[in-house]
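Please report on the structure shown below. Cover the charged pairs, the strands and the nonpolar surface.

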Amino acid sequence: MVFFILVIFWACIFSLILYKVKSGRMAKWARLFRIVTVVSSISIFTYWFIKKSAVAFVDNSVGLQVINKLPQALDFYLINVNKIDKNTKLEPKHIGKIRPEYYRVEYLKMDKSDEYWIVGYLGKKNLVYFSQHSVPNKNIDQIVEVQNYINQSMKLSEAAKKQVDSYNYENTKLGIWIALDFLLLFLNLVLLLKKNK
């Protein structure tokens, strides 16, 4: 998706420059390019947001239910430990903030993994919960009840913290690019509608 976001960004900037072309043979092509840019950008973002909003059912997956039994809401992350060619790759995913006595359901793709970690934060940087879980039987769904503040492994929790920080940094960068794309897309749309009047 990062590639498409950058393409949309540069296409929108080029469209704003082409707005100045109002006469001559190039005017028709410039207007066509601007219309195609706006329509395709809106289509890509619509598809992406629908895909992100849909429930993340995964074929041949293991269902995971995380239940918060603590008296405070915690922000939970899931880290899937994938083993590829004798190398270990950690894939973080934000489960979300879970209030006391509430739960969230995630679906784990476990074809290259038999282990996952749960990381809980109180606030943005305060890691207060870390647990390591193995999946011996991939046909049985998992239930994790978070009942106390524990850290099962200082070494693994440090690795998890680095992954979560990197994941959040990449998401922040992506959010900034998306905001810029929306701003440029809005300007292009306004200029197109103004031209139509």
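The side chains of Lys83 and Asp114 meet in a salt bridge, with N and O 3.6 Å apart. Lys83 belongs to strand S2 (residues 74-84) and Asp114 to strand S5, so the contact ties together parts that are 31 residues apart in sequence. The model is a predicted one. Lys83 is partly exposed, with a relative accessible area of 42%. Asp114 is partly exposed as well, at 38%.

The search of the whole structure finds six salt bridges. Three of them are set out here.

| Salt bridge | N to O distance | Location |
|---|---|---|
| Lys83 and Asp114 | 3.6 Å | strand S2 and strand S5 |
| Glu106 and Lys93 | 2.8 Å | strand S4 and strand S3 |
| Lys125 and Asp165 | 3.9 Å | loop between S5 and S6, and helix H3 |

Take the pair of Glu106 and Lys93. Their side chains meet at 2.8 Å, N to O. The pair links distant parts of the chain, with Glu106 in strand S4, Lys93 in strand S3 and their positions 13 residues apart in sequence. Is Glu106 buried or exposed? Its relative accessibility is 11%, and a residue under 20% counts as buried, so Glu106 is buried. Lys93, in contrast, is partly exposed, with a relative accessible area of 30%.

Next comes the pair of Lys125 and Asp165. The closest N and O atoms of this salt bridge are 3.9 Å apart. Lys125 sits in the loop between S5 and S6, while Asp165 sits in helix H3, so the salt bridge ties together parts that are 40 residues apart in sequence. Lys125 counts as exposed, at 57% relative accessibility. Asp165 counts as partly exposed, at 32%. Elsewhere, salt bridges that share partners join Lys83, Asp114 and Glu115 into one network.

**The open sheet**

Several of these charged residues lie on strands. How are the strands ordered in the open sheet of four? The order is S3-S2-S5-S6, and the pairing is antiparallel. Strand S3 (87-98) and strand S6 (126-134) stand at the edges. Each has a single partner strand, so one side of each is left without a neighbour in the sheet. From one strand to the next, the twist averages 20°.

Strand S5 (residues 113-122) pairs with S6 over eight bridges, in the antiparallel sense. Within that pairing, Val119 has Phe130 of S6 as its bridge partner. S5 also holds Asp114, the partner of Lys83 in S2.

**Strand S1 and its partners**

Strand S1 (residues 61-68) is another case. Six of its eight residues are buried, so S1 is largely enclosed by the rest of the structure. Which strands does S1 pair with? One is strand S4 (residues 103-109), which pairs with S1 in the antiparallel sense over seven bridges. Another is strand S7 (residues 142-146), joined to S1 by five bridges. S1 and S7 run parallel.

Leu64 shows both pairings at one residue. In S4, its bridge partner is Glu106. In S7, Leu64 stands opposite Gln142. Glu106 therefore has two roles here: it is the bridge partner of Leu64, and its side chain forms the salt bridge with Lys93. Glu106 is also buried, at 11% relative accessibility.

**Helices and the nonpolar patch**

The last topic is the helices. Val2, Leu6, Trp10, Ile176, Trp177 and Leu180 make a nonpolar surface patch of about 570 Å². Which helices supply residues to the nonpolar patch? Helix H1 (2-18) and helix H3 (154-196) each supply at least two. Leu180 is a residue of helix H3. At 34% relative accessibility, Leu180 counts as partly exposed.

Ile5 lies in helix H1. Ile5 is buried, with a relative accessible area of 1%. What is Ile5 in contact with, leaving aside neighbours within four places in sequence? The contacts are Leu174, Trp177, Ile178 and Asp181. One of them, Trp177, is also part of the nonpolar patch. Ile5 and Ile84 are 79 residues apart in sequence. In space they are 29 Å apart, C-alpha to C-alpha.

How values were computed
Residues are numbered from 1 along each chain as its sequence is written. This is a predicted model: local features need pLDDT of at least 70, side-chain atom pairs count only at pLDDT 80 or more; totals for chains, interfaces and linings use all residues. Side-chain values use heavy atoms; hydrogens and water are left out. Buried means under 20% relative accessible area, exposed over 50%, partly exposed in between (1.4 Å probe, protein chains only). Two strands pair if DSSP finds at least two bridges between them. Patches are made of residues with over 30% relative accessible area and no salt bridge: like charges are joined within 9 Å, nonpolar side chains (Val, Leu, Ile, Met, Phe, Trp, Tyr) within 5 Å. Accessible areas come from the Shrake-Rupley method with a 1.4 Å probe; for residues, only the protein chains shown count as cover. A salt bridge is a side-chain nitrogen of Lys or Arg within 4 Å of a carboxyl oxygen of Asp or Glu. Axes are lines fitted to C-alpha atoms, for helices over the stretch in contact, and angles run from 0 to 180 degrees between N-to-C directions. Contact means heavy atoms within 4.5 Å.
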